[in-house]
Every structure is written in structure tokens, then in C-alpha cells.
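Hi,

Here is the structure I promised to pass on. Have a look at it first, and then read my notes underneath.

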Amino acid sequence: MDALLAALQPYVGGPANLAKELAPNFLISPELLHAAGLAETAGSSRYDMRLADDGALIVELAARPPLHRDR
């Protein structure tokens, strides 16, 4: 987590604790992680989760195209 926060710091600015507060915004966006050089693709991100019961789970978060609204 410390390495992730350090890598995001240039994109957040301000004090170090601000990167920690805003990191979830990056983690839910494969596009942002890719733009920051932290992901191989902008299409999806893969997370290895450790569960409370010591189990493990792999979760893939796919990017969705933006919604277009007619005006």
C-alpha cells in the first residue's frame, strides 16, 4: 500500500495524507491507474483479495464506457 500511495502522490498533490484519502478514487478506475503508470491496461484491473476468514478471492474490475446523455 505504501508503494501505491507513493506512486499516486504526484497526481494528488498536497500533504501525503491526502494521497491516502484519495487512493480509493484511483483504485476503482482502471483508466486512472493506467494513466498513472500503475496498470498494464486501461480496460480492467485485477485485485487479489484476502478475506477475513483467510480465504482468497481474485476480482477483476472492468472499465465501462462513459454514459452519453442526449441533451
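Below is what I found, starting with the helices and ending with a charged pair.

A bit of housekeeping: this is a predicted model, where local features need pLDDT of at least 70, side-chain atom pairs count only at pLDDT 80 or more, and totals for chains, interfaces and linings use all residues. Residues are numbered from 1 along each chain as its sequence is written, and side-chain values use heavy atoms, with hydrogens and water left out.

Let's begin with the two helices, α1 and α2, which cover residues 2-12 and 16-27. (Helices are DSSP runs of H or I with at least four residues, strands are runs of E with at least two, and both are numbered from the N terminus.) Their axes are 9 Å apart and make an angle of about 95°; axes here are lines fitted to C-alpha atoms, for helices over the stretch in contact, and angles run from 0 to 180 degrees between N-to-C directions. That makes α1 and α2 roughly perpendicular, a label for angles of 65 to 115 degrees (under 35 is roughly parallel, over 145 roughly antiparallel, the rest oblique).

Now for the core. Ten residues form the largest nonpolar core, among them Leu8, Val12, Phe26 and Tyr47. Such a core is a set of buried Ala, Val, Leu, Ile, Met, Phe, Trp, Tyr and Cys residues joined through side-chain atoms within 4.5 Å, and buried means under 20% relative accessible area, with exposed over 50% and partly exposed in between (1.4 Å probe, protein chains only). The biggest contribution comes from α1, with four residues.

Which residues does Val12 contact, leaving aside its neighbours within four places in sequence? They are Leu18, Ala19, Leu22 and Phe26, where contact means heavy atoms within 4.5 Å. Phe26 in turn touches Leu8, Tyr11, Val12, Leu32 and Leu33, again not counting residues up to four places away.

Next, find Ser45 in strand β1, residues 44-50. Ser45 counts as buried because its relative accessibility is 6%. Beyond four places in sequence, its contacts are Pro30, Leu33, Val59, Glu60 and Leu61.

Last, the charges. There is one salt bridge in the structure, meaning a side-chain nitrogen of Lys or Arg within 4 Å of a carboxyl oxygen of Asp or Glu. Arg46 and Asp48 form it, at 3.7 Å from N to O. Asp48 counts as exposed at 62% relative accessibility, and so does Arg46 at 55%.

Cheers
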